[in-house]
Amino acid sequence: AQAANAFIRKYNANGDVLWTQTNSGAAGLNDIAYGVDIDVNGAVVASGVYLVRIEAPGIRKTQKVAIIK
């Protein structure tokens, strides 16, 4: 059996990708919240509402996330 990948992406209100994480294998979704408050450069994002998209075998979900500092 081949390990499945989980993709987690965060977007701003304009639809720009701010952050992407790819996890492999059975632990793919265990770290789902890690990195939601950072951008692609590792900087903490501003307070606001962001969209987080999760794609994995059997899962395709988009959720609004509020970051409050």
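This short talk describes the fold, the first strand, the charged side chains and one residue of the last strand in a predicted model.

Good morning, colleagues. Let me begin with the overall architecture. The chain contains four strands and zero helices, and its order along the sequence is β-β-β-β. There are 69 residues in the chain, of which 26% are buried. The surface that the chain exposes comes to about 4,600 Å², with 52% of that area supplied by carbon and sulfur atoms. As for contacts between residues at least 6 apart in sequence, 34% of them join residues at least 24 apart.

I turn now to strand β1, which covers residues 5-11. Which of its residues belong to the covered face, and which to the uncovered one? Ala6, Ile8 and Lys10 form the covered face; Asn5, Phe7, Arg9 and Tyr11 form the uncovered face. Strand β1 pairs with strand β3, residues 48-56, in the antiparallel sense, and five bridges connect the two. One residue to locate on the display is Tyr11, whose bridge partner in β3 is Leu51.

Lys10, on the covered face of β1, has a further partner. Its charged end is placed over the ring of Tyr50, at 5.6 Å from the ring centre. With regard to rings alone, the count of aromatic pairs is zero.

The next topic is the salt bridges. In general, side chains of opposite charge can pair when their charged atoms come close. How many salt bridges does the model have? The count is three. Let me take them in turn, with Glu55 as the point of reference.

Arg9 and Glu55 are joined through their side chains, with an N to O distance of 4.0 Å. Because Arg9 belongs to strand β1 and Glu55 to strand β3, this pair ties together parts that are 46 residues apart in sequence. Arg9 is partly exposed, its relative accessible area being 22%. Glu55 is likewise partly exposed, at 22% relative accessibility.

Glu55 also forms a salt bridge with Arg53, and here the closest N and O atoms are 3.3 Å apart. Arg53 counts as partly exposed, with 21% relative accessibility.

The side chain of Arg60 meets that of Glu55 as well, at 3.4 Å from N to O. Is Arg60 buried or exposed? Arg60 counts as exposed, at 66% relative accessibility. Through shared partners, these salt bridges join Arg9, Arg53, Glu55 and Arg60 into one network.

Finally, I would draw your attention to Ala66, in strand β4, which spans residues 59-67. The relative accessible area of Ala66 is 52%, and the residue is therefore exposed, since the exposed class begins over 50%. What does Ala66 touch, once neighbours within four places in sequence are left aside? Ala66 is in contact with Gly48 and Val49. Ala66 and Tyr50 lie 16 residues apart in sequence, while their C-alpha atoms are 6.3 Å apart in space. Tyr50 is also the residue whose ring lies under the charged end of Lys10.

To summarise, strand β1 pairs with β3 in the antiparallel sense, and one salt-bridge network holds Arg9, Arg53, Glu55 and Arg60. Thank you for your attention.

Notes
Residues numbered from 1 in each chain as written. Predicted model: local features only at pLDDT ≥ 70, side-chain atom pairs only at ≥ 80, totals over all residues. Heavy atoms only, no water. Buried < 20%, exposed > 50% of the residue type's maximum accessible area, 1.4 Å probe, protein only. Pairing = 2+ DSSP bridges. Phe/Tyr/Trp six-rings, centres within 6.5 Å; stacked < 30°, edge-to-face > 60°. Lys NZ or Arg CZ within 6 Å of the ring centre and 35° of its normal. Contact = heavy atoms within 4.5 Å. Areas by Shrake-Rupley, 256 points an atom, 1.4 Å probe, with all protein chains shown as cover.
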